[in-house]
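Visitor: Please give me a close look at a single part of this structure. I should like to begin with one loop and then follow its links to other parts.

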Amino acid sequence: MSIGVDIGTSRLRINQVIAEPLHIDTSGEHFTQSSVAVWDLIAKWLPQLDFRPTNAIAITATCSLVVLELTTYGGHRVLRPFNCLADPKHYTSADDHDVWMWKDQRALRQADKLTEALKGTVWLQQLGGRITPEMGVAKLKWLSDHYRDRHLVVFEYYDWIQYLLLHGGYHRDSDGHVYFDYHPVTTHYSADSAAIDGSVKGWGAEPWARFGIGSHITAGCSNSDGTMLPLGVPVGDVHPTILSLTDAKSMIVASGGIDAYAAWLSIYRPDANSVQMIAGTSTCFFVADHRRRALPIPGIWGPYKVVGHDHVNLFEFGQSVTGKLFERIIVDLCNLAGEVSYEDPFRFLEHKTEELEQLYNHHISEIIKPYMYYGDLVGNRSPYNLSTMSELVIDGHNSRPDLASVLDFSVESMVVRYNLTMEHLAFQTRQLIECYCQGAQTSVDGIVVVGSQAQNDRLLQLIANVTGLKVLRTQTSMGEFGGAIGATMMAKMARRLIGVRVSKSTYHEALVQSVEPGRRYQEFTPRPNNVLSNKYRFYCQFADLQHRFKQAMG
C-alpha cells in the first residue's frame, strides 16, 4: 500500500487505519503546535506499517506554517524551532511552539496592509478581494514587522514534514535542544506567480515586492528544484535514516499539499460537474472548472492549478471554523451535569430533535421557523472575506413561548441551537454556490461531501433541501479520513510517475488510476420545503445587512 499522512488541526491520520490526537497550545487567541511532536508521532508509526510493496509516501496538512530560525551550530548553518507563542518584546526560545496554526488571528493589521498594497491586482482578485489573517502571507508580514533582527525560514506545514522526510528528521545538540540540517533552495517561480490560498510558497518577485517583507524572512521549499509542483509527482528519495525505520528498500516522497486539497482529490470526479465539499473543522468547497480560460470571481478564491493539467482550474470558497459551532453546543450540553449521557452528544441531539418532531407532528424546520441564526463565528471567508463579520440571531421564543429561548441554558435550547446551526450551514452553502455560479456563468449538478460532518445525515439532507441539489456521500468509510485518502492517492500517483516524463497525458493517467475503483455514493435527494425557501431570502438579507453595517461602522 502507499502511505498517506494527513496532519489535521487536532488529529494525525495515516491512510484509513490510524488516528492520533494532536496537542494544541493556546495563549489567548494564539494557537501553536510542535512540528517535532508531530514528526515523533509519524516516526512512531512508520515501523508499524507494512510498506511492502510500498515505495511512496505523501504528506498533507492544515494551512498552518512552521517557523524556523536560521542560526549556526558546530560551524554549520542549521534551523531551530522558533517560538511562535512568545511575546516579541520578550522573546524566549522553545522547541515546541514552531507551528503557527492557521486559525491564529494576530496578523489582522498586516492582513489589512497587504490588502491595501495589492488593491486592484489579479493576485488579490484570486483571494476573493482581501487578505485575511489566517493566510500565510499575512503571518509572514507579521513576523517581518515584529522580528527584524532574526533570520527566519518559514515553511508550509506539509512542506516542512516533506523536508524532514527528505533530509533525515532532526537532531539534538549537547544541551538537548532540537536543530535541523539546513538545505537552502533557490526558488524558480515566475515573476508574477501567486501562492495558493495566500500562503507562503509560490509568490513571484512582483507581488513579493509589494508586501514590504524584509529580506530576513525566507519562504522555505522542500523540493530541490525550487518550483511549484502539482499534487502527486515524485519529489525525491526518503532519507536513509528515515527509510531505516521501515521495512522498505526504497521510498519516494510525493509532492503533497494543504489538507483541504487532499480531501478534494479524494472525491474528485473528472466526469462530473459537481461541487466538492470538505466539511470538518472548517468547511471548504471546490469546483473544478474545465474551461480553457477561467477568470477570478468576486468573493471566491482562485482559479488555481494544483493538478498537472492546464485545463483544470480550481475555485475555492469556504466557511471558517464550522466545527467550532457544534463544539460550543456540545460543551454547553456537557456542562448540564446529570441531564444526559455524553458518550455520543450528536446522537443525543438527534434523538431530542426527533422527540420534538413527534411532539409537534412537524419537521424541525417548521417548529423553529420563528428563529434565525447567522453564524460567522470568527469572521467571513466567503463571499465577503471580512474578518469582522460575526454572529446574528433572532430568538423566536416570544413567537413560540412553548419552545426554549436560545439564551436559555437547557437541553431544549441546545437542540434549537443545534438545528439553527445546521440551517446556517445549509443557507451559507447555497449562498456560496450561487455566488460561484453567477460569477462563472455556469451551473452545477450536485455536491459531493467528505469530512467528519459528512456523517451527519440530517445536515446533508438539509443542504439538499436548501440548495435544490443532490448531495452525495461516499459509501466507503472515508468519514474523517478524506485528507489521508487524498494523500494516499498522491503517493499512488508518484509511484506510477517514477521514471516517467511527467506530461499532461501521463499525469492524467496516473490521477485516474489512483482513484478508488467502483466508488459508490449514498444520495440525498432534495425535498421541497417552503419554510426553508422563504427563510433563505431573509438569511441573505440578514448577511447583507451585517456586511453593509460592518463596512459603514469600520
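Guide: One term is needed at the outset: a residue is called buried if its relative accessible area is under 20%, and exposed if that area is over 50%. The model before you is predicted. The loop to examine is the one between β20 and β21, in which Asn385 is placed. Asn385 has a relative accessibility of 0%, and therefore it counts as buried. Its backbone deserves attention too: phi of Asn385 is near 50°, a positive value in a residue other than glycine.

The loop between β20 (372-375) and β21 (391-394) also contains Pro383. The peptide bond that leads from Ser382 to Pro383 is cis, with omega near 5°. The loop thus holds Pro383 as well as Asn385.

Strand β20 can be considered next, and Tyr373 lies in it. Tyr373 is at 11% relative accessibility, so it counts as buried. From Tyr373 to Pro88 there are 285 residues in sequence and 39 Å in space, taken from C-alpha to C-alpha.

A side-chain contact leads on to a helix. The side chains of Tyr384 and Gln431 are joined by a polar contact of 3.2 Å. Gln431 belongs to helix α12, which covers residues 411-440. With a relative accessible area of 10%, Gln431 falls under the limit and is therefore buried. For reading any such helix, it helps to know that an α-helix has 3.6 residues a turn, so residues three or four places apart point the same way.

Between α12 and β22 (446-450) there is a further loop, where Gln441 is found. Gln441, like Asn385, may be examined for its phi and its accessibility. Phi of Gln441 is near 55°, again a positive value in a residue other than glycine. Gln441 has a relative accessible area of 75%, which means that it is exposed, whereas Asn385 is buried.

The cis bond before Pro383 can be set beside another one. Gly302 and Pro303 are joined by a cis peptide bond, with omega about 5°. Pro303, however, is placed in strand β18, while Pro383 is in a loop.

Strand β18 leads in turn to a pocket. The second largest pocket holds about 830 Å³ of space. Its lining is made of 36 residues, and those closest to its centre are Ala194, Ile196, Tyr304, Lys305 and Val306. Two or more lining residues come from each of α3 (122-125), α5 (157-167), β15 (252-258) and β18 (301-304). The largest share, four residues, is given by β15. When sorted by class, the lining comprises 17 nonpolar, 13 polar and six charged residues.

Helix α5, one of the elements that contribute to this lining, repays a closer look. Ten of its eleven residues are buried, so α5 is largely enclosed by the rest of the structure. Among the buried residues of α5 are Tyr157, Asp159, Trp160 and Gln162. Just after α5, Gly168 takes a positive phi of about 95°.

Two further themes complete the answer, and both concern side chains. A pair of aromatic rings is described by the distance of the centres and the angle of the planes. In this model the count comes to 25 aromatic pairs. One of them, formed by Trp264 and Tyr268, is tilted, with 4.9 Å from centre to centre and 40° between the planes. Trp264 counts as buried because its relative accessibility is 0%, and Tyr268 counts as buried because its value is 5%. Elsewhere, one aromatic cluster is formed by Phe82, Tyr91, Trp100, Trp142 and Tyr147. Trp100 also has a charged neighbour, since Lys139 lies over its face at 5.6 Å from the ring centre. The charged end of Lys103 is likewise placed over a ring, that of Phe31, at 4.7 Å from the centre.

The last case is a polar contact of 3.1 Å between the side chains of Thr32 and His97. Thr32 is found in strand β5, residues 30-33, and it is buried because its relative accessible area is 0%. To return to the starting point, Asn385 is also at 0% and is therefore buried.

Conventions:
Residues are numbered from 1 along each chain as its sequence is written. This is a predicted model: local features need pLDDT of at least 70, side-chain atom pairs count only at pLDDT 80 or more; totals for chains, interfaces and linings use all residues. Side-chain values use heavy atoms; hydrogens and water are left out. Rings of Phe, Tyr and Trp (its six-membered ring) pair if their centres lie within 6.5 Å; planes under 30 degrees apart count as stacked, over 60 as edge-to-face and the rest as tilted. Buried means under 20% relative accessible area, exposed over 50%, partly exposed in between (1.4 Å probe, protein chains only). A charge sits over a ring if NZ of Lys or CZ of Arg is within 6 Å of the ring centre and within 35 degrees of the ring normal. On a 1 Å grid over the protein atoms alone, a cavity is a set of points where a 1.4 Å probe fits but cannot get out, and a pocket is an open set with protein on both sides within 12 Å along at least five of seven lines; lining residues have an atom within 4 Å of a point. Grid points are joined across faces, edges and corners, and a volume is the space filled by probe spheres set on the points. Ala, Val, Leu, Ile, Met, Phe, Trp, Tyr, Cys and Pro count as nonpolar, Asp, Glu, Lys and Arg as charged, and the others, Gly among them, as polar. A polar contact is a pair of N or O atoms within 3.5 Å; within protein, one must be able to donate a hydrogen and the other to accept it, and residues adjacent in sequence count only if both atoms are side-chain atoms.
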